[in-house]
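Thanks for passing this one along. Here are my notes, as numbered points, to read beside the model.

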Amino acid sequence: MKYIKEFLKSETSRCLLCADAACQRNCPNKIETDRIIRSLNFENPAGAVSFLPKDNPCKDCDKECMAACKRAKIDRAIEIDKIIATLREGIKDKNNKMGFLKKDLEKSKNPKQVDISTIFCGVKCQNPFFLSSSIVGSNYEMVAKAFRMGWAGVCFKTIGLFTPNEVSPRFGSLKKESNPFLGFKNIEQISDHTIDENIAYISRLKKDFPEKVIIASIMGQTEDEWTTLARMMEKAGADIIELNFSCPQMVGKNLGSDVGTNLDLVRQYTAAAKRGTNLPVLAKMTPNITDMTLPARAAVEAGADGIAAINTIKSIMNIDLDNFCSEPKVAGKTSVGGYSGKAVKPIALRFISDMKKDPLLSDIPVSGMGGIETWRDAAEFISLGCGTVQITTAVMQYGYRIIEDLVSGLENYMSMNGIENVSSLEGRAIDNIVDAKDLDRDTIEYPRFDREKCIGCGRCYISCFDGGHQAIDFSSQSPRLIPDKCAGCQLCVLVCPVNAISAGTRVKKKNKRNL
């Protein structure tokens, strides 16, 4: 198969990722088909290969797994037999059509032992993966389940001395093609459990899971409340305190993001929390600001030991043009809420880069979050200087089970690239983020066309003509570059559905050549 990577991506993305997957239960050969497909979905092909059987029992199989597939109730069953056959073909491929996997497998023949544990603010963490402060970590049963599955820690849902009166419904999502959670909006506030209930949850969790890390997120309304809450969380058994200066949908003034955009309040409340505890304190930043370094500096100056970033972005999600209501609809009305999900990752990375390049913040520990779904997303945050990462929206969509591929994927990547521990990955990308004036503007990188792989769809031509520089000729139903018009923007590389266009050789601009 010429389009191995493209087939695997398109077919596995159709999978519903069922609970108690019927395909796996009905496989007579006991192949973990659900894990194979899930690993491919979460950018962990080497992990998927690890679940392949050594022989090929699918060859003469009656395809009972596909007969049980829930997707068939919508359109057609997932082609599990072809997925497994394609993986096998990719492993044996001599023409490197599946280079994204073959390269990794070649490196994994002699795997190196890696250590994905990390030390964050002086606290030992089994791995960098934490549940972020939200509904996914809001009571004992939920967090205990996550801990048993392999999460290193939790930032418990924000605790206050008041209990909010919540609305229903409280979630909305931005959809694109088959992805229902491209972007996600919530209008929840802090924990709706009482302070006594939350203290009991934290105390029990620490007693039952002493090796796990508990970050207690708190929110006060006065300096005394911040001090009191910090003291109470330390007594309950928390390992780290996180100060919620960033929730964008709180009811009332001087709460959440109102604090994070006010440098005086950041200083006052950070200092107040530090008076109540000897534990490390993180200040959680709001992205609803132009320059995050300013409140981050203010928090550090007032005693914060680290930063958590980013929280959700103020948003209005969709307008129903039949009734002109927005989501989530609360009796026909809504309010500005917090935007999260995969779509916010570039924004989160930008803010983290800003802080890590600031000379006064470069050595301050950062727990990163914002759009993390896969191990690759997490590794990107770590490569920009984050010591740990926190996740919510992906858990809400896919469940705690994503930890399996987060851990496996990161371990595989580190092993295959000779990275022995997380600290060796931390910050590697920082020096490659430079000021716009420092970018190379004297050379051009033309696109390279793979004629064998091109299917002649013309997507590159449409995008280049209508959104680029009219540098592609499609008169013969096969794209040809017009070098004198090409600006090297590489929009064509991004839109090609079969990855038949790639970056070519970088040359001096005056050396334009015929391709």
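1. A word on terms before the sheets: two strands count as paired if DSSP finds at least two bridges between them. Helices (H or I, at least four residues) and strands (E, at least two) are DSSP runs, numbered from the N terminus. With that in hand, strand 11 and strand 14 run antiparallel and are joined by three bridges. One contact to look up is Ser315, whose bridge partner in strand 14 is Gly337.

2. On provenance: this is a predicted model, where local features need pLDDT of at least 70 and side-chain atom pairs count only at pLDDT 80 or more, while totals for chains, interfaces and linings use all residues. Residues are numbered from 1 along each chain as its sequence is written, and side-chain values use heavy atoms, with hydrogens and water left out.

3. The open sheet. Strands of a sheet pair through backbone hydrogen bonds, either parallel or antiparallel. Here four strands form an open sheet in the order 5-6-14-11, with antiparallel pairing. Strand 5 and strand 11 are the edge strands, each pairing on one side only. Neighbouring strands of this sheet are turned by 40° against each other on average, direction ignored; axes are lines fitted to C-alpha atoms, for helices over the stretch in contact, and angles run from 0 to 180 degrees between N-to-C directions.

4. Following the order of that sheet, strand 5 (residues 171-176) and strand 6 (residues 179-186) pair in the antiparallel sense over five bridges. Lys176 has Asn179 of strand 6 as its bridge partner. The hairpin of these two strands has two residues between them, and Glu177 takes a positive phi near 50° there. Strand 6 also pairs with strand 14 (residues 337-340), antiparallel and over three bridges; in strand 14, Ser340 is the bridge partner of Phe184.

5. The barrel. Eight strands close into a barrel in the order 3-4-7-8-9-10-15-16, and the pairing is parallel. The average turn between neighbouring strands of this sheet is 25°, direction ignored. One of the pairings is that of strand 15 (residues 366-369) with strand 16 (residues 388-391), parallel over three bridges. There, Gly368 has Val389 in strand 16 as its bridge partner.

6. Salt bridges. Side chains of opposite charge can pair when their charged atoms come close. The rule used here asks for a side-chain nitrogen of Lys or Arg within 4 Å of a carboxyl oxygen of Asp or Glu, and the count comes to 29 salt bridges. Among the residues involved, Glu11, Arg14, Arg71, Asp75, Arg76, Glu79 and Lys82 are linked in a network.

7. Which parts of the chain does the salt bridge between Asp405 and Arg35 tie together? The side chains of Asp405 and Arg35 meet at 3.9 Å, N to O. Asp405 lies in helix 17 (residues 403-416) and Arg35 in helix 3 (residues 33-41), so the pair ties together parts that are 370 residues apart in sequence. Asp405 is buried, at 1% relative accessible area, and Arg35 is buried at 11% (buried means under 20% relative accessible area, exposed over 50%, partly exposed in between; 1.4 Å probe, protein chains only).

8. Another salt bridge to check is that of Glu404 with Arg38, at 2.7 Å, N to O. This pair links Glu404 in helix 17 to Arg38 in helix 3, 366 residues apart. Glu404 is partly exposed at 30% relative accessibility, whereas Arg38 is buried at 7%.

9. A salt bridge in the barrel strands: the side chains of Lys284 and Glu242 meet at 3.9 Å, N to O. Lys284 lies in strand 9 (residues 281-284) and Glu242 in strand 8 (residues 240-244), so the pair ties together parts that are 42 residues apart in sequence. Both Lys284 and Glu242 are buried.

10. Cysteines. How many disulfides does a search of the whole structure find? With a disulfide taken as a pair of cysteine sulfur atoms within 2.5 Å, the search finds zero. The sulfur of Cys460 has its closest cysteine sulfur in Cys454, 6.4 Å away and therefore too far for a bond. Cys460 is buried at 6% relative accessibility, and Cys325 is buried at 13%.
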